[in-house]
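Trainee: Could you walk me through one part of this protein up close? I'd like to see how a single sheet is put together and what surrounds it.

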Amino acid sequence: MVTLYQTEWCPFSSAVREVLTELGIDFVARQVEPWPEQRDGLRERSGGDATPVLETEDGRLFHGTRAIFGYLQDEEPWQHAEAHRRRFLDHREARQTDAPRRLVEYFKLEPGPEPAEEPTVVNVPEASRYELRDGERMIGEAAYHRRDGRIALIHTEVDEALEGRGLGSTLVATALDDARREGLEVVPLCPFVEAFIERNPEYQDLVATDYRER
């Protein structure tokens, strides 16, 4: 199988992953050390310490996006290429926000205690998110990105100890009600938001036309 030596934070690695996806090419992602001077294994394998590096099934090595794309340009895309490119463009707002870092932080969190009072939802525009609060403690969020009369709802998260109580739905409903009041089109990038709108068709008219008709 094709192997990609890469790092998740590297934009060049990200671009190669997207092209491989659009071509329908399965690949193994090999993580490398964060700093070039630490990458003895990559140097031994490929002769260099920069990412990305693509190793083909027959052992050929291509260094950097220019060489990798040159190798891939003659490959025929699979039938889902156009839809994947559209989804890639749809999620542009998510890639431009701090949502990935916050998701990584959630990975480290331990479930919190029971709420001391009825949780409330507060819009925090400077942080581009709706916060679910137990007093002063944030116990959930709905992250968004606003641009050109649209609000892209990127991610919804609730404290693990409080899941199953409808608090995520409360967060999303508040965001959607605000969007209607402000005349914003909604781009539901978050799967939870998309499912919520499907369950509550009174919000479907808010979804941006080009996204709804994808």
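Mentor: Let's take the sheet that holds the start of the chain, and then step outward to the rest.

Keep in mind that this is a predicted model. The chain contains nine helices and nine strands, and of its 214 residues, 39% count as buried. If you take contacts between residues at least 6 apart in sequence, 50% of them join residues at least 24 apart.

Now for our sheet. It is an open one with four strands, in the order S2-S1-S3-S4, and its pairing is mixed. S2 and S4 are the edge strands, each with a single partner, so each has one side left without a neighbour in the sheet. From one strand to the next, the twist averages 20°.

Look at strand S1, residues 2-6. Five of its five residues are buried, so the strand is largely enclosed by the rest of the structure. Try following the side chains along it: Val2, Leu4 and Gln6 point one way, while Thr3 and Tyr5 point the other way, and all are buried.

Next, see how S1 meets strand S2, which covers residues 27-31. These two run parallel and are joined by five bridges. You can pick out the partners by eye: leucine 4 sits opposite alanine 29 in S2, and tyrosine 5 sits opposite arginine 30 in S2.

Then there are the helices. Helix H1 (residues 11-23) lies across S1, S2 and S3, and it runs at about 160° to S1. Helix H3 (residues 64-72) packs on the sheet too, where it touches S3 and S4; the direction of H3 makes about 135° with that of S4.

The other end of the sheet has a nice little spot to zoom in on. Threonine 56 is in the loop between strand S3 (53-55) and strand S4 (61-63). Is threonine 56 buried or exposed? Its relative accessibility is 5%, and since anything under 20% is called buried, threonine 56 counts as buried. The side chain of threonine 56 makes a polar contact with the side chain of aspartate 58, at 2.3 Å. Leaving out residues up to four places away in sequence, threonine 56 also touches Phe62 and Tyr71.

It helps to set our sheet beside the other one. That is an open sheet of five strands, ordered S5-S6-S7-S8-S9, also with mixed pairing. Here strand S5 (120-124) and strand S9 (185-188) are at the edges with a single partner strand each, so one side of each has no neighbour in the sheet. Neighbouring strands in this sheet are turned by 25° against each other on average, direction ignored. Strand S6 (residues 129-134) pairs with strand S7 (residues 137-147) in the antiparallel sense over six bridges, and leucine 132 stands opposite glycine 140 in S7. Helix H7 (residues 167-182) lies across S5, S6, S7, strand S8 (150-158) and S9, and runs at about 165° to S8.

What about the nonpolar insides? The largest nonpolar core has 30 residues, and the ones touching the most other members are Ile151, Leu153, Leu176, Val186 and Tyr203. S6, S7, S8, H7, S9 and helix H8 (191-199) each supply at least two residues of this core. H7 gives the largest share, seven residues. As for tyrosine 203, if you set aside neighbours within four places in sequence, its contacts are Ala173, Leu176, Asp177, Arg180, Phe196 and Ile197. A second, separate core has ten residues, including Leu4, Leu23, Leu54 and Leu72. That brings us back to where we began, as Leu4 is one of the S1 residues you followed earlier.

One last thing to check is the cysteines. Cysteine 10 is buried at 5% relative accessibility, and cysteine 190 is buried at 3%. How many disulfides does a search of the whole structure find? The count is zero.

Conventions: Residues numbered from 1 in each chain as written. Predicted model: local features only at pLDDT ≥ 70, side-chain atom pairs only at ≥ 80, totals over all residues. Heavy atoms only, no water. Pairing = 2+ DSSP bridges. Axes fitted to C-alpha atoms, helices over the stretch in contact; angles between N-to-C directions. Contact = heavy atoms within 4.5 Å. Buried < 20%, exposed > 50% of the residue type's maximum accessible area, 1.4 Å probe, protein only. Polar contact = N/O pair within 3.5 Å; in protein donor to acceptor, adjacent residues only side chain to side chain. Disulfide = S-S within 2.5 Å. Core = buried A, V, L, I, M, F, W, Y, C linked by side-chain atoms within 4.5 Å.
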